[in-house]
Structures are given as C-alpha cells and as structure tokens.
Amino acid sequence: PSADVLNRIARALMLTDVEREHLFLLGLGRPPEVQYRKDHGVTPRLQRVLDALNPSPALIKTALWDVVAWNQSATVVLYDYASLPPEQRNTLRQIFLNQHAREMQHNWESVARSVVASFRADAARAGAMAEVSALVDELCLLSPEFKAMWRDNDVRSHAEVVKHLQHPVLGPIAIEISTFAVDGRPDLSMLVFNPVTASDAEKISALIAAASAPAC
C-alpha cells in the first residue's frame with residue numbers, strides 16, 4: 001500500500017499517532033513522515049510530572065519553542081511564564097528580546113547560538129519549518145543578532161550541558177540541562193534543569209517557599 005492509502009486508513013479509523021506509526025511500520029516498514037500539529041495543551045498527568053520535579057525547573061515546549069507548561073521552580077528560576085500572554089511564552093523571544101533573560105546568561109552569545117541551532121533542528125524534525133517562518137521573520141526584524149545567527153544555518157541537537165546562571169535573587173547557580181521526548185507527542189519535548197549541587201537545590205526550594213508564603 002502507498003503512504004496515501006495508509007493515511008486514509010488511519011483517518012478513517014481515527015488512529016492515534018502511535019497507532020498510525022505502527023500501521024506504517026507494518027505496511028511500509030518505516031514510520032510516516034512527520035506531520036506537525038499545533039496543539040498547545042498538556043494533560044494533567046504531564047503537569048503532575050513537572051510538579052514532581054521541583055526543585056528542578058522543568059518545562060514543556062513545542063517544536064516552535066513555545067513554552068506550554070512549567071513547574072514552580074521554572075517560575076522562580078527562569079521566568080514567570082504565567083505573567084506573559086501565550087504568544088509571548090517563547091524561548092527565542094526571551095533569549096533575544098528580554099533583557100532580563102540575557103543578563104542571566106553566563107555567556108549569552110554562546111547560549112544564543114546553541115538555542116538557534118537547536119531550534120532549527122527541532123523545527124525540521126517536527127516537520128514545522130513552514131510554521132516557523134512568521135516567528136523567524138519577526139525576530140529577524142527585531143534582533144540583528146538573531147538574523148545573523150539564523151543565516152549561519154547551524155544545526156545542532158540538544159546537548160546535555162551545564163548552564164551557569166546569574167540569578168537576581170539566588171546569585172550564581174549551575175544547572176544541568178536534559179531534554180526528553182514526550183511519548184505520543186512528537187511536537188513536544190520536556191526540558192529539565194537539574195541543580196548541580198545540593199546547595200543550589202536548597203536555594204531554589206527556599207525561594208519557592210518564600211514565593212508561596214502568604215502575604216502579611
């Protein structure tokens with residue numbers, strides 16, 4: 001059978017993404033081509049996973065690097081995403097257009113280059129290159145630095161690295177970044193920022209407790 005026939009069967013049977021992939025593996029011996037879908041929701045179970053990771057900041061992002069879910073550690077260490085309208089909860093926007101995010105980076109240019117290269121790879125892997133064009137065009141207009149880095153056409157996978165941040169309250173902290181796929185959702189990935197030392201974890205926990213304390 002052709003890929004078109006299998007896609008019609010999958011639609012008729014209302015198969016899930018995992019079931020559709022299995023159908024292609026059986027019929028053609030390969031997975032289907034990635035079809036990007038814009039779905040910004042996460043399940044309550046996935047949110048509970050994020051919450052269980054405190055005091056490690058953790059978030060869920062789309063292939064366009066829109067942040068769609070996060071835990072409290074991410075709020076106090078990285079950014080208060082809830083204070084932003086959904087269309088502004090984008091990692092690229094924060095890195096290139098938010099002075100606070102820039103000042104937190106130990107080596108902003110190196111971080112920015114890595115972010116752009118990983119973003120390009122994520123968008124291509126998810127079949128979303130057409131969808132990123134509006135965001136890329138906007139950032140090219142607003143940030144000459146982004147425009148130059150995007151034109152370099154660099155592509156990198158997510159590296160498991162140690163990031164050094166200069167937090168305005170916590171001071172210098174070190175966090176290890178790990179990226180995980182979300183099963184059944186090729187459009188989503190989970191980023192976990194694990195504190196390198198027990199001291200850093202304790203500082204984050206104390207900041208969460210202070211933020212959660214009732215006002216006098």
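**Warm-up.** In which helix does Leu97 lie? Look up the residue, then check how much of its surface is open.

*Solution.* Leu97 sits in helix 5, which spans residues 91-97. (Helices are DSSP runs of H or I with at least four residues, strands are runs of E with at least two, and both are numbered from the N terminus.) With a relative accessible area of 39%, Leu97 is partly exposed. Here buried means under 20% relative accessible area, exposed means over 50%, and partly exposed is in between, using a 1.4 Å probe and protein chains only.

Before you go on: this is a predicted model, where local features need pLDDT of at least 70 and side-chain atom pairs count only at pLDDT 80 or more, while totals for chains, interfaces and linings use all residues. Residues are numbered from 1 along each chain as its sequence is written, and side-chain values use heavy atoms, with hydrogens and water left out.

**Exercise 1.** Work out the order of the five strands in the sheet, and find the strands at its edges.

*Solution.* Step one: read off the order, which is 2-1-5-4-3 in an open sheet with antiparallel pairing. Two strands count as paired if DSSP finds at least two bridges between them. Step two: look at the ends. Strand 2 (67-70) and strand 3 (162-167) each have a single partner strand, so one side of each has no neighbour in the sheet. Step three: check the twist. Neighbouring strands are turned by 30° against each other on average, direction ignored. Step four: add the helix. Helix 10 (residues 198-212) packs on the sheet and touches strand 3, strand 4 (171-182) and strand 5; contact means heavy atoms within 4.5 Å. The direction of helix 10 makes about 90° with that of strand 4. (Axes are lines fitted to C-alpha atoms, for helices over the stretch in contact, and angles run from 0 to 180 degrees between N-to-C directions.)

**Exercise 2.** Follow strand 1 and list its partners, then decide whether its residues are buried or exposed.

*Solution.* Start with strand 5 (residues 185-195): strand 1 (residues 58-62) pairs with it in the antiparallel sense over five bridges. Within that pairing, Ile60 has Met190 as its bridge partner, and Lys61 stands opposite Ser189. Now turn to strand 2, which runs antiparallel to strand 1 and is joined to it by three bridges. There, Ile60 stands opposite Ala69. Strands 1 and 2 form a hairpin with four residues between them, and Trp65 in the turn has a positive phi of about 65°.

Next, the side chains. In a regular strand they alternate between the two faces of the sheet. Ala58, Ile60 and Thr62 point one way from strand 1, Leu59 and Lys61 the other way, and all are buried. Five of the five residues are buried, so strand 1 is largely enclosed by the rest of the structure.

**Exercise 3.** Tour the loops and pick out the backbone features at Met14, Pro55 and Asn153.

*Solution.* Go along the chain. Met14, in the loop between helix 1 (3-12) and helix 2, has a positive phi near 55° although it isn't a glycine. Met14 is exposed, at 71% relative accessible area. Then comes Pro55, in the loop between helix 3 and strand 1: the peptide bond from Asn54 to Pro55 is cis, with omega near 10°. Finally, Asn153 lies in the loop between helix 9 (144-151) and strand 3. Its phi is positive too, near 55°, and at 52% relative accessibility Asn153 counts as exposed.
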